[in-house]
Structures are given as structure tokens and as C-alpha cells.
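Colleague: I am new to this structure, so please choose one part of it and take me through that part closely, with what surrounds it afterwards.

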Amino acid sequence: MRKTLLAAGLLAGLTAAPAAAETIEVKMLNKNDAGDLMVYEPASVSIEPGDTVRFVATAKGHNAQSVKGMIPEGADSFRGGINQEIEVTFEEEGTYVYKCLPHLYSGMVGVVKVGDASKNLAEVRKKVSDLPKQARDRLKPLLAAEGS
Ligand SMILES: [Cu+2]
């Protein structure tokens with residue numbers, strides 16, 4: 001009897017537990033298969049709070065760092081060094097824009113959408129105009145998908 005209760009309790013605990021956190025890889029590339037230069041691949045990822053993105057230095061000379069004013073309020077900024085593989089765990093829901101510092105003018109930007117990405121999307125879109133043209137051109141379609 002005691003054993004049965006214990007097993008039932010364990011089972012209830014398991015079903016109530018949130019899905020295990022995942023780690024998603026984003027490659028830093030000089031060129032992707034489509035021929036685009038200085039890109040993150042994939043350029044946009046959708047994850048859940050608590051998930052981690054690993055920025056992989058597949059090609060040399062790149063980094064990944066959050067763009068000021070283009071992450072949710074209260075979220076931690078992040079900054080990897082050049083050629084540094086970093087792992088960032090995203091806790092706050094919303095849209096995060098990040099860049100490669102040496103290649104921002106070549107449009108090397110990416111987006112991480114965490115949970116309800118629409119939360120700060122309006123604020124993020126307002127800041128797009130502050131970026132260089134090639135970064136704006138890359139970002140606009142990435143930020144358009146949310147439909148709000
Ligand atoms: Cu780069």
C-alpha cells in the first residue's frame with residue numbers, strides 16, 4: 001500500500017514537471033548554403049524560457065552579443081568574445097536581437113524568440129531604424145513573423 005502511494009506520488013510529480021530545458025545550436029558562419037555572407041544559422045530560433053542557445057564558432061572572426069534596447073526589460077544582456085563559443089540561457093520571455101560586433105555593418109544579426117515573443121516586439125521594432133542598412137534588411141523579415 002505504501003509503495004503504491006509512493007509510486008503514484010512520483011508519477012504525479014513527473015507529469016507536473018515542465019518539459020526538460022533544451023539546448024539549441026546557432027552557427028556563426030562566413031557564408032551559408034544560400035550564399036549569404038556573414039550570417040547566423042539559423043538566423044532566428046524560437047525557444048521556451050529556460051532553454052539555452054549555444055553560439056558555435058563554426059567560422060572564425062565572429063561573436064554573439066545582445067543589442068542594447070533590443071531585449072526584454074529585465075533580461076540579462078550577453079556578450080561573447082571573438083571566436084568564443086558561448087551558451088546563453090534565456091529566462092525572460094520576449095524577443096532578443098543579437099549581433100556580431102565586427103560584422104554588424106554586413107548585417108550579421110540574429111533573433112531569439114523566447115516564449116511569447118510578442119511581449120516586447122513593438123519596442124524592438126522601433127529600434128531597428130538605429131541599425132545599419134544591411135542589419136535592418138536582415139532583421140525586418142525576422143521580426144515580421146510574429147504578426148502583432
Ligand atoms: Cu561576424
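Modeller: His103 and Met108 are both buried, where buried stands for under 20% relative accessible area, exposed for over 50% and partly exposed for what lies in between, with a 1.4 Å probe and protein chains only. The model is predicted, so local features need pLDDT of at least 70 and side-chain atom pairs pLDDT 80 or more, while totals for chains, interfaces and linings use all residues. Residues are numbered from 1 along each chain as its sequence is written, and side-chain values use heavy atoms, with hydrogens and water left out.

His103 and Met108 belong to the copper site, whose protein donors are His62 through ND1, Cys100 through SG, His103 through ND1 and Met108 through SD, at 2.0 to 2.6 Å from the ion; donors are N, O and S atoms within 2.8 Å of the metal, or 3.2 Å for Na, K and Ca. Along the sequence, these donor residues follow the spacing H-x37-C-x2-H-x4-M. Because the four donor atoms subtend angles of 90 to 134° around the copper ion, the arrangement is tetrahedral, a label that asks for all angles between 85 and 135 degrees.

Turning to the strands (DSSP runs of E, at least two residues, as helices are runs of H or I, at least four), an open sheet of four has the order β3-β8-β7-β5 with mixed pairing, two strands being paired if DSSP finds at least two bridges between them. Its edges are β3 and β5 (65–66), each of which pairs on one side only. β5 runs antiparallel to β7, joined by two bridges, and in β7 the bridge partner of Ser66 is Tyr98.

Helix α3 is in contact with part of this sheet, as β3 (44–47), β7 (94–99) and β8 (109–114), together with α2 (121–127), are among the elements that cover its buried residues; contact here is heavy atoms within 4.5 Å. Those buried residues are Ala135, Leu139, Leu142 and Leu143. They cover an arc of only 90° around the axis, which puts them on the same side of α3, the arc being that of the directions from the helix axis to the C-beta atoms. On the other side of α3, Lys133 and Pro141 are exposed.

Elsewhere, β1 (residues 23–31) runs parallel to β4 (residues 52–56) over five bridges, with Glu25 partnered by Arg54. β1 also pairs in the antiparallel sense with β2 (residues 37–41), over four bridges, and Lys31 stands opposite Leu37 in β2.

How values were computed:
Tetrahedral: all angles 85-135°; square planar, octahedral: opposite > 155°, others 65-115°.
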